[in-house]
2 protein chains.
Amino acid sequence: MSEPTVIEPGFFEVIGTQRAMRRLKTDPVPESYIKKILWAATRAPSGGNRQGWRWLVVTDPAAKKQIQGWYNELWSKAIASGYGAGAGLPEEERLSNERVMKSATYLAEHMHEAPVLIFACTLTGNGDITAGSSIYPAVQNLMLAARALGLGTALTTVHRGHQDDIRKLLGIPESVETAALIPVGWPKGKFGTGFRKPVQDVTYWEHWGEKRP
Amino acid sequence: MSEPTVIEPGFFEVIGTQRAMRRLKTDPVPESYIKKILWAATRAPSGGNRQGWRWLVVTDPAAKKQIQGWYNELWSKAIASGYGAGAGLPEEERLSNERVMKSATYLAEHMHEAPVLIFACTLTGNGDITAGSSIYPAVQNLMLAARALGLGTALTTVHRGHQDDIRKLLGIPESVETAALIPVGWPKGKFGTGFRKPVQDVTYWEHWGEKRP
C-alpha cells in the first residue's frame with residue numbers, strides 16, 4: 001500500500017485531539033488515504049477475532065445526495081421531536097451541546113459534500129449494546145487514523161432510520177447492519193480538544209461512587 | 001497528572017500492534033498509568049458528546065477473585081454449549097480461532113491475577129447495537145493507550161451473565177450497564193500483529209461486493 005506522506009503526530013496527541021469534524025471541504029481524498037484509514041480499522045479487536053466487518057466506501061455524487069436527503073430528513077425529525085435539547089444541563093455542557101447540535105445540523109445539510117462516505121457494516125447482525133463491541137472499536141481506529149492523517153470524520157448513526165432504503169441503494173444484504181455512517185474529508189476547522197469532563201469526575205475506584213483526585 | 005515515562009511508539013505502530021493480551025503478569029501497575037489510559041478513554045467521541053461513561057477500577061483481591069469465579073463459570077458454560085467452535089472455518093482462521101479460545105480460557109482461569117480490572121459502564125442503558133457507539137470507541141482508546149504504554153488489555157463482555165451480582169458487589173446502580181470488563185496488566189507475551197483479514201477482502205467500493213486491489 002502506498003503510504004500517505006504526512007508527518008505523523010504522536011500517539012497521545014492524536015488521542016487528545018480527535019473530535020467530530022462535521023464541516024468538511026469538498027476537495028477529494030486520495031484513495032491511498034482511504035485505504036490507510038481502513039487498514040487501521042481492520043487492525044481493531046472483535047469478539048473471538050471474527051472480524052465480521054465490511055467497509056463500504058461511497059464517493060458517487062448521486063448516491064451521496066440520496067443518502068444526505070434521507071439523513072437530513074431523519075435529523076430534522078429528531079430535532080423537531082426534541083432530540084439534543086440541552087435545557088437543564090450545566091452551563092459548560094449546555095454550550096458544548098449547542099455547538100454540537102449546530103454542527104450536526106450543518107452536517108445533515110451538507111453530508112453529500114463530503115468527498116467520501118464510509119458505512120461500517122457488520123455481518124453479525126443487530127443485538128444489544130454488546131453487538132457494538134465488535135464494530136465500534138474498528139470505527140474508532142478509523143477515525144483516529146483519519147485524525148493522524150489530517151482528515152476529519154464524525155461517527156453518525158441517524159441514517160439507520162432509512163437503513164432499508166440505503167440497503168437497496170447500495171446492494172447491502174438485509175442481514176447486514178450498517179452500524180455507522182462516517183463522512184470523511186479535509187476539515188474546514190482545526191483539530192483541537194473538544195469539551196470533555198475531567199477523568200476524576202467519571203472514574204470510581206474499587207466501588208461505585210468512590211472518587212480519587 | 002504525572003506522565004508515565006515511556007518511549008512513545010508512533011501512532012500507526014500502536015494501531016498495528018494492539019491485540020488482545022490475555023496472559024498478564026501479577027506485577028502492579030502504577031496509578032499514573034491507569035489514570036493515563038482512562039484519560040485516553042475519556043477523549044473519545046460519544047453520541048451528542050454526552051460522555052455518559054463511568055470507569056470503575058477494581059484492584060481489591062477479594063473482589064477480583066469473586067468476579068473471576070463468575071466469569072470462569074460463564075466462560076465454561078459458553079464453551080460447553082459450543083461457543084467458539086471453529087469447525088468449518090478456513091485454515092488460517094481456524095488456527096487463529098484455536099489460539100484465541102485457548103488464551104480466552106487462560107484469561108477466564110486467571111482473571112483475578114490481573115492487577116487491575118476496569119469496568120466500562122454506561123449511564124445511557126442498554127439498547128440495540130448503536131448503544132455501543134457511545135462506549136466502545138472510549139474502550140478502544142483505553143486499550144490503544146495501554147498498548148502505547150506497554151500494558152496488555154482485552155475487551156470482554158462475558159461477565160454480563162452475572163451483571164446483577166457484579167452490580168451488588170460493586171454498588172453499581174441497576175440503571176447502569178457494564179458494557180465491558182477489561183483486565184489490565186503487563187503482558188507475559190509480546191505485542192505483535194494478530195491475524196487480520198486483508199483490507200481489500202473486507203472493503204467494497206460504491207456498491208456492496210465491489211472490491212478493488
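## Strand β2 of chain B and its neighbours

Let's start with a pair of strands in chain B of this predicted model. Strands β2(B) and β4(B) run antiparallel, and 7 bridges join them. One place to look is B:Thr122, which stands opposite B:Glu177 in β4(B). On to another partner: β2(B), residues 116-122, also runs antiparallel to β1(B), this time with 6 bridges. Here you can find B:Leu56 standing opposite B:Phe119. If you wonder what holds such partners together, strands of a sheet pair through backbone hydrogen bonds, either parallel or antiparallel.

Is β2(B) mostly covered or mostly open? Mostly covered: 7 of its 7 residues are buried. Both faces are covered, with B:Val116, B:Ile118, B:Ala120 and B:Thr122 on one side and B:Leu117, B:Phe119 and B:Cys121 on the other.

## A closer look at B:Thr122

B:Thr122 is part of strand β2 of chain B. Its relative accessibility is 2%, so B:Thr122 counts as buried, given that the cut-off for buried is under 20%.

Which residues does B:Thr122 touch, leaving out those up to four places away in sequence? From its own chain there are B:Gly52, B:Ile135, B:Ser175, B:Val176, B:Glu177 and B:Ala179, and from the other chain there is A:Ile129. You have already met B:Glu177 as the residue opposite B:Thr122 in β4(B).

## Strand β1 of chain B, with a partner from chain A

Strand β1 of chain B covers residues 53-58, and 6 of its 6 residues are buried. B:Trp53, B:Trp55 and B:Val57 point one way from the strand, while B:Arg54, B:Leu56 and B:Val58 point the other way.

Now for a partner from the other chain. Strand β5 of chain A (residues 203-205) pairs with β1(B) in the parallel sense, over 3 bridges. A:Tyr204 stands opposite B:Leu56 there. So keep an eye on B:Leu56 when you look at the structure: B:Phe119 in β2(B) stands opposite B:Leu56 as well.

## A sheet built from two chains

What is the order of the strands in the open sheet of 5 strands? Reading across, the order is β3(A)-β4(A)-β2(A)-β1(A)-β5(B), and the pairing is mixed. The edges are β3 (152-153) of chain A and β5 (203-205) of chain B, each of which pairs on one side only.

Inside this sheet, β1(A) and β2(A) are antiparallel partners over 6 bridges. For instance, A:Val58 has A:Leu117 as its bridge partner in β2(A).

## Helices around the sheets

Helix α6 of chain A, residues 163-170, lies across β1, β2 and β4 of chain A and runs at about 70° to β4(A). Its buried residues are A:Gln163, A:Ile166, A:Arg167 and A:Leu170. They sit on the same side of α6(A), because the arc they cover around the axis is only 105°. These buried residues pack against β1, α3, β2 and β4 of chain A. Right after the helix comes A:Gly171, with a positive phi near 75°.

Over in chain B, helix α2 (residues 31-41) is mostly covered, with 8 of its 11 residues buried. Among the buried ones are B:Tyr33, B:Ile34, B:Ile37 and B:Leu38. Both chains help to cover them: the covering parts include α1 and β5 of chain A together with β1, β2, α5 and β4 of chain B.

## Helices side by side

In chain A, the axes of α3(A) and α4(A) come within 7 Å and cross at roughly 150°. The two helices are therefore roughly antiparallel. Residues that meet here include A:Tyr71 and A:Trp75 in α3(A), and A:Met101 and A:Leu107 in α4(A).

In chain B, the axes of α3(B) and α6(B) come within 11 Å and cross at roughly 175°. That makes α3(B) roughly antiparallel to α6(B). The contact is made by B:Ala63, B:Gln66, B:Ile67 and B:Trp70 on the α3(B) side, and by B:Asp165, B:Ile166, B:Leu169 and B:Leu170 on the α6(B) side.

## How the two chains are related

Finally, what rotation superposes chain A on chain B? A rotation of 180° does it, with 0.0 Å of shift along its axis and an RMSD of 0.0 Å. The two copies are thus related as by a two-fold rotation axis. The same surface serves both copies, too: 100% of the contact residues of chain A recur in chain B.

Terms used: Residues are numbered from 1 along each chain as its sequence is written. Chains are lettered from A and ligands numbered from 1 in the order in which they are written. This is a predicted model: local features need pLDDT of at least 70, side-chain atom pairs count only at pLDDT 80 or more; totals for chains, interfaces and linings use all residues. Side-chain values use heavy atoms; hydrogens and water are left out. Copies are superposed by least squares on the C-alpha atoms of residues with pLDDT of at least 70 in both. Contact means heavy atoms within 4.5 Å. Buried means under 20% relative accessible area, exposed over 50%, partly exposed in between (1.4 Å probe, protein chains only). Helices (H or I, at least four residues) and strands (E, at least two) are DSSP runs, numbered from the N terminus. Two strands pair if DSSP finds at least two bridges between them. Axes are lines fitted to C-alpha atoms, for helices over the stretch in contact, and angles run from 0 to 180 degrees between N-to-C directions. The arc is that of the directions from the helix axis to the C-beta atoms. Angles under 35 degrees count as roughly parallel, over 145 as roughly antiparallel, 65 to 115 as roughly perpendicular and the rest as oblique.
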